[in-house]
Amino acid sequence: MSQGPRSGLAAVSSALLAMSRHLEVRDVLKTIVASARELLDAQYAALGVPDDHGGFAQFVVDGVSDAQWKAIGPLPRQHGILAAMLQEANVERLADVRKDPRFEGWPSAHPDMSDFLGLPIRDGDEVIGALFLANKNCPKPQGSCGFTAEDEELLSILAQHAAIALTNARLYERSRELTIAEERSRLAHELHDAVSQKLFSLRLTAQAAAALIDRDPGRAKGELHQVAALAAEAADELRAAVVELRPAALDEDGLVATLRTQIQVLDRAHTARVTFAGRGVKALPSAQEEAVLRVAQEALHNALRHSGAEHVDVTLDRRGSGAVLRVTDDGSGFDPKAIRRAGRHLGLVSMRDRTSGVGGTLTVESAPGKGTTIEMEVPGG
C-alpha cells in the first residue's frame, strides 16, 4: 500500500486530508495506519481498537499481506507492550521490542520485528486505540532504535488527528444506525396499521357472512370468499414485515455485537443510561439469536418509553450451551398478576411467544415503583 517515505508539511497535510475524507470507521483506521507507515518509512504499522473483554474490537495492519495475516491467526489479545500503551497511555520507543521485559512473543507466522514506536490514541482522557510502527527502513547502529524523537513527535501529531477522525467516523456510523432504527420502527408501525385494518375488515366480513348464512346462503358464500381473500392479504403483509424487518446485522456481526451497537445508539438517543455487558456467549442457532434480539428490543422499548427509568441494564451471559438475557430497569414497574392488561400493554405475550417458539423460558419480576427485570433463557444448538 505504501510507496516509500515522504516528508514535509505537504506529506502531513496529505495524510490528514486522507483521514478526513472517510466516514466509515474501518476506512479511517486503514488510512491512519497506511499514512503512519508511509510518513515514518516503517516496514510495518498497526492500529488496535480495544474492546471491553481484553481483546480488540478492530485491528488493522499495513505491510502484511492478506495471506500472512490469515496465517498469523486470531486477533491478538491485550498483552505486553500493547496492553501497556492502552492501560498506561505511555509512548513506547524501543531499540528491540523482543528484549523488553513485557514482551510475550507472537505467533509463528508473525513477521519478525525489532525497533518499535507506539503510542496511544486518546479522545480526552479515554484511550480509544493504540498505534504502532516496527522496523524503520534505515541503517541502525547496534543496540539503537531507528525511530527518532522527531518520528515520535510526528506520530503524536498524526495520532491527535486520528482521534478526531475516528471519533467523527464513529459518530457518523451511530447517527446512521439511529436513522436506520427510526426508519425500521416507522415501517413496523405502518405495517402494523395496515395489517390491523385488514383484520378489522376480515372480522366485519365474517360477521356479515354469519348473519347471511341462513337467509341468503349465496351472498354468505360470497362474503366467505372475501374473508379468505382478506386473510391471504393479511398473511402476505405479515410475511413482508418479517422479511423487511429481519435484523441483517445478526448475520454480519453476531448477536453480542448487534446488541451492543443497538444499545449504544439507544443510550445516546434517550436521557436514561443504557448499558450492556456480554460475557462468554457463543454463537447460537439463528432462530435463537433473532428471538433474543427481538425480546431485548421489546423489553428496551418498554423500559425507555413506558417505565420512566433512569437506568436500564442489559446483560447476556452464557449458560451451558445456551444463553440468558436480562433486561433490568429502575422504572415505575407494574403488577405482574394483572397479566392480561400488562401483557397486552407491554408486549409480554409477544415476548413469551418468541421465547417458547425457540424452546426457551421467560420470567418477569416487577412491582409498582420497584422497576422490572425480564429474564429470557434459550438453549444452544
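The following paragraphs lead through a predicted model, from its confidence values to its two sheets, its nonpolar cores and some local details.

Averaged over the chain, the pLDDT is 80, and 80% of the residues score at least 70. Two stretches call for caution: over residues 1-5 the pLDDT is below 50, although this stretch has 10 contacts in the model beyond near neighbours in sequence, and over residues 340-344 the pLDDT is again below 50, with seven such contacts. Where pLDDT is low, the predicted coordinates should not be read in detail.

A convenient place to begin is the sheet built from E1 to E5. This open sheet has five strands in the order E2-E1-E5-E4-E3, and its pairing is antiparallel. Strand E2 (56-62) and strand E3 (92-94) are its edge strands, each of which pairs on one side only. On average, and with direction ignored, neighbouring strands of this sheet are turned by 15° against each other. At the E3 edge, three bridges pair E3 with strand E4 (residues 116-123) in the antiparallel sense, and within this pairing Glu92 stands opposite Gly118 in E4.

Helices accompany this sheet. Helix H2 (residues 25-40) lies across strand E1 (42-50), E2, E4 and strand E5 (126-136), and runs at about 40° to E2. Helix H4 (residues 80-88) also packs on the sheet, where it touches E1, E2, E3, E4 and E5, and its direction makes about 140° with that of E5.

Two residues in this part of the chain deserve a closer look at their backbone. Most residues other than glycine have a negative phi. Ala89, which is found in the loop between H4 and E3, has a positive phi of about 55° although it is not a glycine; with a relative accessibility of 21%, Ala89 counts as partly exposed. Asn135 likewise is not a glycine and has a positive phi, of about 65°, but Asn135 lies in strand E5 and is buried, its relative accessible area being 9%.

The aromatic residues add a further layer of detail. A search of the whole structure finds five aromatic pairs. In one of them, the rings of Phe56 and Phe59 have their centres 5.2 Å apart and their planes at 70°, so this pair is edge-to-face; both Phe56 and Phe59 are buried. The rings of Phe103 and Trp106 have centres 4.8 Å apart and planes at 75°, so this pair too is edge-to-face. Here, however, Phe103 counts as partly exposed at 25% relative accessibility, and Trp106 counts as partly exposed at 27%. Phe56 and Phe59 also belong to one aromatic cluster, which they form with Trp69, Phe116 and Phe132.

Further along the chain there is another sheet. This open sheet of five strands has the order E6-E7-E8-E10-E9, with mixed pairing. Its edge strands are E6 and E9, each pairing on one side only, and the twist from one strand to the next averages 10°. E6 and E7 run parallel and are joined by seven bridges, and Val274 stands opposite Val312 in E7. Helix H9 packs on the sheet and touches E6, E7, E8, E9 and E10, its direction making about 5° with that of E8. Helix H11 packs on the sheet as well, touching E9 and E10, with its direction at about 150° to that of E9.

The largest nonpolar core draws on these elements. It holds 34 residues, of which Leu255, Leu259, Val312, Leu316, Leu325 and Met376 touch the most other members. The elements that give two or more residues to this core are helix H8 (255-269), strand E6 (273-279), helix H9 (286-305), strand E7 (311-319), strand E8 (322-329), helix H11 (348-357), strand E9 (361-366) and strand E10 (372-378). Of these, H9 gives the most, with nine residues.

Val312 can serve as an entry point for inspecting this region. Once its neighbours within four places in sequence are left aside, Val312 is in contact with Arg273, Val274, Thr275, Leu300, Ala303, Leu304, Val327, Thr328 and Asp329. A second, separate core has 28 residues, and includes Leu29, Leu40, Leu117 and Ile128.

Terms used: Residues numbered from 1 in each chain as written. Predicted model: local features only at pLDDT ≥ 70, side-chain atom pairs only at ≥ 80, totals over all residues. Heavy atoms only, no water. Core = buried A, V, L, I, M, F, W, Y, C linked by side-chain atoms within 4.5 Å. Buried < 20%, exposed > 50% of the residue type's maximum accessible area, 1.4 Å probe, protein only. Helix = DSSP H or I, 4+ residues; strand = E, 2+ residues; numbered from the N terminus. Contact = heavy atoms within 4.5 Å. Pairing = 2+ DSSP bridges. Axes fitted to C-alpha atoms, helices over the stretch in contact; angles between N-to-C directions. Phe/Tyr/Trp six-rings, centres within 6.5 Å; stacked < 30°, edge-to-face > 60°. pLDDT = per-residue confidence, 0-100.
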